[in-house]
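Notebook open, structure loaded. I'm jotting down what I look up as I go.

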Amino acid sequence: MTDIFDNTILCRKCNTRMQKAQIIKNNFVFRAMVCPKCGEKIIHPVDEAEYEKFTNLKNKEFHVKMRLVGNSYAVSIPKEIVLFMKEQEKMMNDMVRLCFEDMGKLSLNFREEQNKLNKKFE
Ligand SMILES: [Zn+2]
């Protein structure tokens, strides 16, 4: 499948050939075309639509029940969240890091590699 960004795209402001780039916003990676001369940007329309889906999911609150399974409690993670993440990450293993982040708050981290990367830049 060819991608629209594989075409030659000229900047509408200065007619310079735009170059592929990545823009990261809220840990979300967008494919973009950037004009090296004037800095004009075009965000990939598919990524923009995905980001829209992401912001909708992000603010959605789910009510899930805790179940006792052996000596642990289990909660169900809504399928739409996991499927969306899998689609974004292209691959994801089933190991998740869980942390008692604060009183009344648990966090789940699905992104081992990403965190290692972030640490490097800290
Ligand atoms: Zn330009």
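I started with helix H1, residues 45-58. It lies across S2 and S3, and I get an angle of about 155° between H1 and S2. Note to self: this is a predicted model, so everything here is computed from predicted coordinates.

Next I looked at the sheet under that entry. It is an open sheet of three strands in the order S1-S2-S3, and the pairing is antiparallel. Strand S1 (19-25) and strand S3 (41-43) are the edge strands, each pairing on one side only. I also checked the twist: on average, neighbouring strands of this sheet are turned by 40° against each other, direction ignored. A reminder for the margin: strands of a sheet pair through backbone hydrogen bonds, either parallel or antiparallel.

Then I went through the S1 pairing. S1 and strand S2 (residues 28-34) are antiparallel and share seven bridges. I picked out one bridge by residue: Gln19 has Val34 in S2 as its partner.

Cys35 caught my eye next. Where does Cys35 sit? I found it in the loop between S2 and S3. Is Cys35 buried or exposed? I count 21 other C-beta atoms within 10 Å of Cys35, and the cut-off for buried is 20 or more, so Cys35 is buried. I then listed its contacts, leaving aside neighbours within four places in sequence: Cys11, Cys14, Thr16, Met18 and Glu40. I also took a distance to Arg12, which is 23 residues away from Cys35 in sequence; C-alpha to C-alpha the two are 9.4 Å apart.

Asn15 got its own entry on account of its backbone. Its phi is near 65°, a positive value in a residue other than glycine. I located Asn15 in the segment before S1. Asn15 is exposed because 10 other C-beta atoms lie within 10 Å, and exposed means 12 or fewer.

I moved on to the hairpin of S6 and S7. Strand S6 (residues 97-102) pairs with S7 in the antiparallel sense, over five bridges. Going residue by residue, I have Phe100 opposite Leu106 in S7, and Asp102 with Lys105 in S7 as its bridge partner. The hairpin has two residues between the strands, and Gly104 takes a positive phi near 75° there.

How many residues of S6 are buried? The number is zero of six, so S6 lies largely in the open. I ran the count for strand S7 (residues 105-109) too: zero of its five residues are buried, and I noted S7 as hardly covered.

Last, I pulled the totals for the protein. I have three helices and seven strands, in the pattern β-β-β-α-β-β-α-β-β-α along the sequence. Buried residues come to 2% of the 122 residues, and Cys35 is one of the buried ones. For contacts with a separation of 6 or more, 23% are between residues 24 or more positions apart.

Definitions and conventions
Residues numbered from 1 in each chain as written. Predicted model: local features only at pLDDT ≥ 70, side-chain atom pairs only at ≥ 80, totals over all residues. Helix = DSSP H or I, 4+ residues; strand = E, 2+ residues; numbered from the N terminus. Contact = placed C-beta atoms within 7 Å. Pairing = 2+ DSSP bridges. Axes fitted to C-alpha atoms, helices over the stretch in contact; angles between N-to-C directions.
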